[in-house]
Structures are given as C-alpha cells and as structure tokens.
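Reader: I have a structure open and would like to know how its labels were earned. Could you take me through the reasoning behind them?

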Amino acid sequence: MTCYCGTDKTYKTCCEVFHLNGGQTETAQQLMRSRYSAFVLANGEYLMSTHHKSTRPTSEKKAIVTWAKSVEWIKLDVQDTTKGLKKDTEGTVTFSAYFYDNGSMDVIHEKSAFVKENNHWFYVGYAKD
C-alpha cells in the first residue's frame, strides 16, 4: 500500500519515518506530506510538535484529533512548492486535501508557510501572498 501522502513509497518507508523521528524532514514539502498523514492517522502529538510554537493551537489539539477521526481522508494533491529545500530557512507548499465529511466530499485548499529553525522544519500557518 502506498503512503497516505500520495507518494509511491509505503507508509513505513515514507511518513512513518518522520512520525517516528519527531518530524526531522529535509524539506518543507516532506513535512507537509507527513502532517497530512498525521491527520489521516489522527496523530495529534505529531501535529502539535511540528506546528511552530508561535502559532501552535495547543488548546485545540483534542478538537483537531476528534475532527480528523470524524472524516474519511481521500487524497492529497500538492500543486506547488516555493523554496523549502534543505538549504532554505522558509518555504511554502500549496495543496488540496480531499475528504468525506458526513457523506459529502470536501476539500481543504491551502498555501502553507513553513520555517526551518535549528535544522528542523515547522508549519507556521497560511502563507501570505
């Protein structure tokens, strides 16, 4: 079975590696993909630890996990990545995450901002254009 994030790798050789190593990804896109897989698995600890401390919604963790469990995740579609490579300290990833909610298909479309601090990528939030 391919990874939840849509790569041609298995979960064990893709996002599980990052879920087990605390989010030590080389690129912003890898972190974004691993966060999508964490939503599929309702892994609140990973979602919180990879969310930058300046915007981390710690008080909403339980609600986020409850919501992630309540929907059926369909697929992730990455449309664009700006910077976010190993040499960079910031980057953006534009994606669409498709899911079923109460029998209706819905989509989250977002351009996400990421920063790298101490050689560790973090999700910051919606990117400003």
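Author: Gladly. Let us start with one pair of residues: Tyr 98 stands opposite Val 107 in β3. Please keep in mind that this is a predicted model.

Reader: What makes β2 and β3 a pair of strands?

Author: Two strands pair if there are at least two bridges between them. β2 and β3 have 12 bridges, in the antiparallel sense, so they count as paired.

Reader: And what joins β3 to β4?

Author: There are 6 bridges between β3 and β4, and the two strands run antiparallel. With at least two bridges needed, β3 and β4 therefore pair as well. You can find Ser 112 opposite Tyr 126 in β4, and Ala 113 opposite Gly 125 in β4.

Reader: How many residues lie between the strands of each hairpin?

Author: The hairpin of β2 and β3 has 2 residues between its strands, and the hairpin of β3 and β4 also has 2 residues between them. In the turn between β3 and β4, Asn 118 has a positive phi of about 50°.

Reader: What is notable about the phi of Asn 102?

Author: Most residues other than glycine have a negative phi. Asn 102 has a phi near 55°, a positive value in a residue other than glycine. Asn 102 belongs to the loop between β2 and β3.

Reader: Why is Asn 102 called exposed?

Author: The label exposed is given over 50% relative accessible area. Asn 102 has 77%, so it is exposed.

Reader: Where is Ala 42 found, and is Ala 42 buried or exposed?

Author: Ala 42 sits in the loop between α2 and α3. Its phi is near 55°, again a positive value in a residue other than glycine. Buried means under 20%, and Ala 42 has a relative accessible area of 14%, so Ala 42 is buried.

Reader: Why does Thr 92 count as buried?

Author: Thr 92 lies in strand β2. Its relative accessibility is 16%, and the cut-off is under 20%, so Thr 92 counts as buried.

Reader: Which residues is Thr 92 in contact with, leaving aside neighbours within four places in sequence?

Author: Thr 92 is in contact with Asp 80, Thr 81, Thr 82, Lys 111, Ser 112, Ala 113 and Ala 127. Two of these names, Ser 112 and Ala 113, came up earlier: Ser 112 is opposite Tyr 126, and Ala 113 is opposite Gly 125.

Reader: Why is Asp 101 called partly exposed?

Author: Asp 101 is in strand β2. Its relative accessibility is 28%. Partly exposed is the range between the 20% and 50% cut-offs, so Asp 101 belongs there. The C-alpha atoms of Asp 101 and Asn 118 are 17 residues apart along the chain and separated by 38 Å.

Reader: What makes Val 71 buried?

Author: Val 71 has a relative accessible area of 9%, and under 20% means buried, so the label fits Val 71. Val 71 is in the loop between α4 and β1. Not counting residues up to four places away in sequence, Val 71 touches Phe 99, Tyr 100 and Asp 101. The C-alpha atoms of Val 71 and Asp 88, 17 residues apart along the chain, are separated by 34 Å.

Reader: Which residues have the most contacts inside the largest nonpolar core?

Author: That core has 27 residues, and those with the most contacts inside it are Cys 5, Met 32, Trp 73, Leu 76, Ala 97 and Phe 114. α2 gives the most to this core, with 5 residues. Leaving aside neighbours within four places in sequence, Cys 5 is in contact with Cys 14, Cys 15, Arg 33, Tyr 36, Ser 37 and Leu 76.

Reader: How do you know that β4 is mostly covered?

Author: Of the 7 residues in β4, 5 are buried. Buried means under 20% relative accessible area.

Reader: Last one: which residues are closest to the centre of the largest pocket?

Author: The largest pocket has a volume of about 480 Å³. Of the 22 residues that line it, Arg 35, Phe 39, Phe 95, Glu 110 and Tyr 123 are the closest to its centre. β3 gives the most to the lining, with 5 residues. The lining divides into 15 nonpolar, 4 polar and 3 charged residues.

Definitions and conventions: Residues numbered from 1 in each chain as written. Predicted model: local features only at pLDDT ≥ 70, side-chain atom pairs only at ≥ 80, totals over all residues. Heavy atoms only, no water. 1 Å grid on protein atoms, 1.4 Å probe; cavity = no way out; pocket = protein on both sides within 12 Å on 5 of 7 lines; lining within 4 Å. Points joined across faces, edges and corners; volume = space filled by probe spheres on them. Helix = DSSP H or I, 4+ residues; strand = E, 2+ residues; numbered from the N terminus. Nonpolar A, V, L, I, M, F, W, Y, C, P; charged D, E, K, R; others polar. Core = buried A, V, L, I, M, F, W, Y, C linked by side-chain atoms within 4.5 Å. Buried < 20%, exposed > 50% of the residue type's maximum accessible area, 1.4 Å probe, protein only. Contact = heavy atoms within 4.5 Å.
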